[in-house]
Each structure stands twice: as C-alpha cells, then as structure tokens.
Amino acid sequence: MTATNQNFPFRGGNGYVLLTGASSGIGRKTAITLAKRYPLILCGRDEARLAETASECMSQGGTAVTWAYDLADIDGIAASLTDVLSENAIERVYGFVHSAGMAPIAPLRMLDTAKMQQIMSVNFYSAVELIQQLLPRGLRRAVLISSIQSVRGAKGQGIYCASKGAIDAFVEEMALEEPELSINSILPGAIPSRMGKELEENAALLAHSVDDGYILGLGEPGSIADMAEYLLSEKAAGISGQHFSVDGGKTSH
C-alpha cells in the first residue's frame, strides 16, 4: 500500500512522534492525547479511519500526517516510510509508539506458516524495522504496546502471546544496545476497544470471561494513552528497558 498524505498543515521537521495502529482503539486515543504536545505521523491500514483520527487531532490544534500502510508488509516499510517523511519534509522523529496489533484466536493445530508470519510481522517485526529506520532520524523515545498475555498466556493465542513476549525481551535488549534511546513497553489488560471486543467474542468460544480477576475493572484506552505520554516525556528520561502493567490489578495475584 502506498504512503498517503492528507495535506494537513505541518509545524516543521523537529519532534514528530510516529504512532502505529492509530486508526482505532488504544492507538486512536493515544494519538488524540499526544496531539496536544507533539506533531504526529499516524500509521494504520484503514485510510478512512486514519483520516478520522487525524481530524480529531487537528481539531485540538495538533499536526497530523497520515501514513496508510499495512505493517504485515515488512519488506516495504523502509521505502514507504522514507517517502512519507520526504513528502512532508520531516527530518527528525523524536518518538515512536507501536500500538498496531492483531490478536486472532489461532490454536496451534489450526496455524499455518502464513498466519504465524502475519501475526509476528504486525505485532513485532514491524516495530523492530521501524526502530531500525528511525534511530538515524533522531529517535530518543520508544513505547511498545505489549500485553499481560506475554506473561500470563491466553488459550488459543500462542503466537499472539509469543509476539508480545518478543516485544518485552526486545525492549530489555535495546535498552542495553542503544543507551541514548529510552525504550519501554506497556502491558495492558483487557481494554474495551475494537480489538478488545473481538477478544471478548472469541473468549466466549473458549468458555472463559475476559474480565475474570480484574480487581479494578477492565481498563480504558485513556489509561494506556496517559502512560505512553508519560514515557515519551522528559519526566521519564531515566527509565528504559522496563515493562509497565496497566491491567486493573489482574497480574497482582
């Protein structure tokens, strides 16, 4: 898919934050939250929903460049990202939030290589590729959205859980390899969102409830957005290689 530009006004080439998964759910809420502080590059597969997110950011006086792209296509990321940065004269990308993800119910006996590759590409490999591309462009803060399922597991979602575990391991290693980069992960519990609704529907098929054990109740996208905003800020300058559970107390017991 070709990178697209909605011709919104831009504030210059410094301090942009690239946000994947920006067309809905946690990604959209995070975009709206960050728009008050940073010019944004919004990445998502659905061009129409992405434009809606950008419009909401713009309504708050923010700057939003849209990049309609399917992150399952790992090989095309570098060229497409270069195009969108060049088209909009963006020289420096300060921050990166990886909220893109897919969480299909895919029991081991039903998995094939293509599905495994797609899940890993969207959830994990694309984040690695984007960080590799952004480091020479001034990247200093990275926040990767993981999941409590990286440590607790989820029936019928082995590859999804593995992809989130890979994110957490990668965060710890990158904190050592790139000491000038503050990189951390957020581990949400169940969140009412488009993906969350799909998970709840799928959970019914597996005869368990997604809200079991949430002491404080299910989370909200705003809680994840607020944590991402903090981790991108100078207030979190001394934090790297860490994992933050925002899960209504689910993993506390």
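This is a short tour of the structure, stop by stop, with suggestions for what to select in your viewer. Keep in mind that you are looking at a predicted model.

**The whole chain**

Start with everything shown as cartoon. The protein chain has eight helices and seven strands. Colour by burial and you'll find that 54% of the 253 residues are buried. Switch on the surface next: about 11200 Å² is exposed, and carbon and sulfur atoms supply 51% of that area. If you like contact maps, take the contacts between residues at least 6 apart in sequence; 76% of them join residues at least 24 apart.

**Stop 1: helix α1**

Select residues 25–34, which is helix α1. How many of the 10 residues of α1 are buried? Eight are, so the helix is largely enclosed by the rest of the structure. To see them, pick Ile26, Gly27, Arg28, Thr30, Ala31, Ile32, Thr33 and Leu34. Now bring back the surroundings to find out what does the covering. Strands β1 (16–20), β2 (40–44), β4 (93–98) and β6 (182–188) are among the covering elements, and so are helices α2 (47–59) and α8.

**Stop 2: α1 against α8**

Keep α1 and add residues 221–232, helix α8. The two axes are 8 Å apart, and the helices pack at an angle of about 50 degrees. The pair is therefore oblique, and α1 passes α8 in a right-handed crossing. For the interface itself, show side chains on the α1 side for Gly25, Ile26, Lys29, Thr30, Thr33 and Leu34. Facing them in α8 are Pro221, Gly222, Ile224, Ala225, Asp226, Ala228, Glu229 and Leu232. Sorted by class, this contact has seven nonpolar, four polar and three charged residues. Notice that Ile26, Thr30, Thr33 and Leu34 turn up here and are also on the list of buried α1 residues.

**Stop 3: α3 against α4**

Hide that pair and select residues 77–87 (α3) together with residues 113–134 (α4). Their axes come within 10 Å and cross at roughly 50 degrees. That angle makes α3 oblique to α4, and the crossing is right-handed. From α3, show Ile77, Ala78 and Leu81; they meet Ser126, Glu129, Leu130, Gln133 and Leu134 in α4. By class there are five nonpolar, two polar and one charged residues in this contact.

Before leaving α3, step into the loop between α3 and β4 and click on Ala89. What is the phi of Ala89? It is positive, about 55 degrees, although the residue is not a glycine. Most residues other than glycine have a negative phi. Ala89 is also exposed, with a relative accessible area of 54%.

**Stop 4: α4 against α6**

Leave α4 on screen and add residues 158–177, helix α6. Here the packing angle is about 15 degrees, and the axes are 9 Å apart. That makes α4 roughly parallel to α6, since angles under 35 degrees count that way. The handedness of the crossing is right-handed.

Show these side chains from α4: Met116, Ile119, Met120, Asn123, Phe124, Val128 and Ile131. They meet Ile159, Tyr160, Ser163, Lys164, Ala166, Ile167, Phe170 and Met174 in α6. The class count for the contact is 12 nonpolar, two polar and one charged residues.

Now zoom in on Met120, in helix α4. Is Met120 buried or exposed? With a relative accessibility of 15%, Met120 counts as buried. Leaving out residues up to four places away in sequence, Met120 touches Tyr125, Ile159 and Ser163. Draw a distance line from the C-alpha of Met120 to that of Cys161: the two are 41 residues apart in sequence and 10.0 Å apart in space.

**Stop 5: Ser146**

For the last stop, go to the loop between β5 (141–145) and α5 (149–152) and select Ser146. Its relative accessibility is 2%, so Ser146 counts as buried. Which residues does Ser146 touch, beyond those up to four places away in sequence? They are Lys164, Ile167, Asp168, Ser185, Ile186, Leu187 and Pro188. Two of these will look familiar, since Lys164 and Ile167 in α6 also meet α4. Finish with one more distance line, from Ser146 to Gly189: their C-alpha atoms are separated by 9.6 Å, with their positions 43 residues apart along the chain.

How values were computed: Residues numbered from 1 in each chain as written. Predicted model: local features only at pLDDT ≥ 70, side-chain atom pairs only at ≥ 80, totals over all residues. Heavy atoms only, no water. Axes fitted to C-alpha atoms, helices over the stretch in contact; angles between N-to-C directions. Helix = DSSP H or I, 4+ residues; strand = E, 2+ residues; numbered from the N terminus. Parallel < 35°, antiparallel > 145°, perpendicular 65-115°, else oblique. Left-handed = near helix turned anticlockwise from the far one by under 90°. Contact = heavy atoms within 4.5 Å. Nonpolar A, V, L, I, M, F, W, Y, C, P; charged D, E, K, R; others polar. Buried < 20%, exposed > 50% of the residue type's maximum accessible area, 1.4 Å probe, protein only. Areas by Shrake-Rupley, 256 points an atom, 1.4 Å probe, with all protein chains shown as cover.
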